[in-house]
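Subject: Structure handover

Hi there,

Here is the structure I promised to pass on, together with some notes on what turned up in it. Please have the sequence and the model open while you read.

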Amino acid sequence: MEYSDVYRVLDAEYGDLQSREKREPMDELILTVLSQHTSDINAEKAFLRLKKIFPTWEIASKADISDIAEAINGAGLHHIKSARIKAILNRISELIGELDISFLRNRSLSEAKQWLMSLPGVGPKTAAVVLCFSLDMPAMPVDTHVYRVSKRLGLITPETSVDDAHDILENMARPKDVRSFHLSLIMHGRTICRA
């Protein structure tokens with residue numbers, strides 16, 4: 001199927017899907033790291049505990065990894081994620097001298113994506129989530145649902161890697177439609193297109 005046909009059908013079926021609340025870019029980045037290989041519910045709980053214990057990212061950046069791990073216990077892989085969070089916070093501080101990545105909204109999509117992916121443990125999906133949902137940029141996050149549905153609809157080939165799917169699907173959609181296309185593919189994957 002052609003993208004325009006798929007988008008038209010999904011839009012007619014699911015309409016204007018609203019995403020969750022918009023977060024500050026740093027919050028979105030850390031929450032997305034927490035969501036890797038765990039449910040959204042567990043990631044959200046861990047994120048709220050982390051923010052309660054460490055009210056600012058500056059405080060978290062100075063904390064011991066073991067204290068971060070304890071705060072996010074329940075998010076799955078908390079020992080790995082705590083080290084990753086600490087490394088990300090330290091690297092951002094080294095690069096820009098503060099823990100605020102909102103400057104990325106003034107970069108091109110490609111530059112912003114590359115900058116985020118230069119951080120430890122940040123791949124295309126995490127970068128795309130931050131750019132799409134926090135910075136309103138037309139980045140296409142490809143999760144399990146998006147990847148599976150896109151292959152089944154013929155938008156990408158069965159041989160297309162997850163990493164390549166981000167750019168292919170992103171370039172396929174009109175920039176103003178990327179977020180709604182992403183959300184429609186997820187909804188379709190959750191309701192109809194089962195594994």
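The cover over the buried residues of helix α2 includes α3 (40-53), α4 (57-62), α6 (78-96) and α8 (124-134). Helices here (H or I, at least four residues) are DSSP runs, numbered from the N terminus. "Buried" means under 20% relative accessible area, "exposed" means over 50%, and "partly exposed" is in between (1.4 Å probe, protein chains only). Helix α2 spans residues 25-35, and 11 of its 11 residues are buried. Among them are Met 26, Leu 29, Ile 30, Leu 31, Val 33 and Leu 34, but also Asp 27 and Glu 28.

Before going further, two notes on how to read this. This is a predicted model, in which local features need pLDDT of at least 70 and side-chain atom pairs count only at pLDDT 80 or more, while totals for chains, interfaces and linings use all residues. Residues are numbered from 1 along each chain as its sequence is written, and side-chain values use heavy atoms, with hydrogens and water left out.

Now to the backbone. Most residues other than glycine have a negative phi. His 37, just after α2, has a positive phi of about 60°, although His 37 is not a glycine. His 37 sits in the loop between α2 and α3, and it counts as exposed because its relative accessibility is 74%. Leu 77 is another residue to look at: its phi is positive, about 50°, and it is not a glycine either. You will find Leu 77 in the loop between α5 (65-71) and α6, where its 44% relative accessibility makes it partly exposed.

Next, the charges. Side chains of opposite charge can pair when their charged atoms come close. The rule used here for a salt bridge is a side-chain nitrogen of Lys or Arg within 4 Å of a carboxyl oxygen of Asp or Glu, and by this rule the count comes to 10 salt bridges. Three pairs and one network may interest you:

- Glu 44 pairs with Arg 23, with the closest N and O atoms 2.8 Å apart. This pair links distant parts of the chain, 21 residues apart: Glu 44 is in helix α3, and Arg 23 is in the loop between α1 (3-14) and α2. Glu 44 is partly exposed at 24% relative accessibility, whereas Arg 23 is buried at 9%.
- Glu 170 pairs with Lys 113, and here the closest N and O atoms are 2.7 Å apart. Glu 170 belongs to helix α10 (residues 162-172) and Lys 113 to helix α7, so the pair ties together parts that are 57 residues apart in sequence. Glu 170 is buried, with a relative accessible area of 9%, and Lys 113 is buried at 9% as well.
- Arg 174 and Asp 177 meet through their side chains in a salt bridge of 2.5 Å, N to O. Arg 174 is partly exposed at 45% relative accessibility, while Asp 177 is buried at 4%.
- Lys 22, Asp 136 and Arg 179 are joined into one network by salt bridges that share partners.

On the surface, which residues gather in a patch of negative charge? They are Glu 24, Glu 58, Glu 98 and Asp 100. A patch is made of residues with over 30% relative accessible area and no salt bridge, with like charges joined within 9 Å. Asp and Glu count as negative, and the place of a charge is taken as CG of Asp or CD of Glu. Glu 98, found in the loop between α6 and α7 (109-117), is partly exposed at 44% relative accessibility.

Finally, two buried residues and their neighbours, where contact means heavy atoms within 4.5 Å. Ser 61 is in helix α4 and is buried at 10% relative accessibility. Not counting residues up to four places away in sequence, Ser 61 touches Lys 86, Leu 89, Asn 90 and Leu 99. His 182 is in helix α11 (residues 178-191) and is buried, with a relative accessible area of 4%. With residues up to four places away in sequence again left out, His 182 touches Phe 133, Met 140, Pro 141 and Val 146. For a sense of distance, His 182 and Glu 58 are 32 Å apart in space, C-alpha to C-alpha, and 124 residues apart in sequence.

Happy browsing, and best wishes!

Notes: Helices (H or I, at least four residues) and strands (E, at least two) are DSSP runs, numbered from the N terminus. Patches are made of residues with over 30% relative accessible area and no salt bridge: like charges are joined within 9 Å, nonpolar side chains (Val, Leu, Ile, Met, Phe, Trp, Tyr) within 5 Å. Accessible areas come from the Shrake-Rupley method with a 1.4 Å probe; for residues, only the protein chains shown count as cover.
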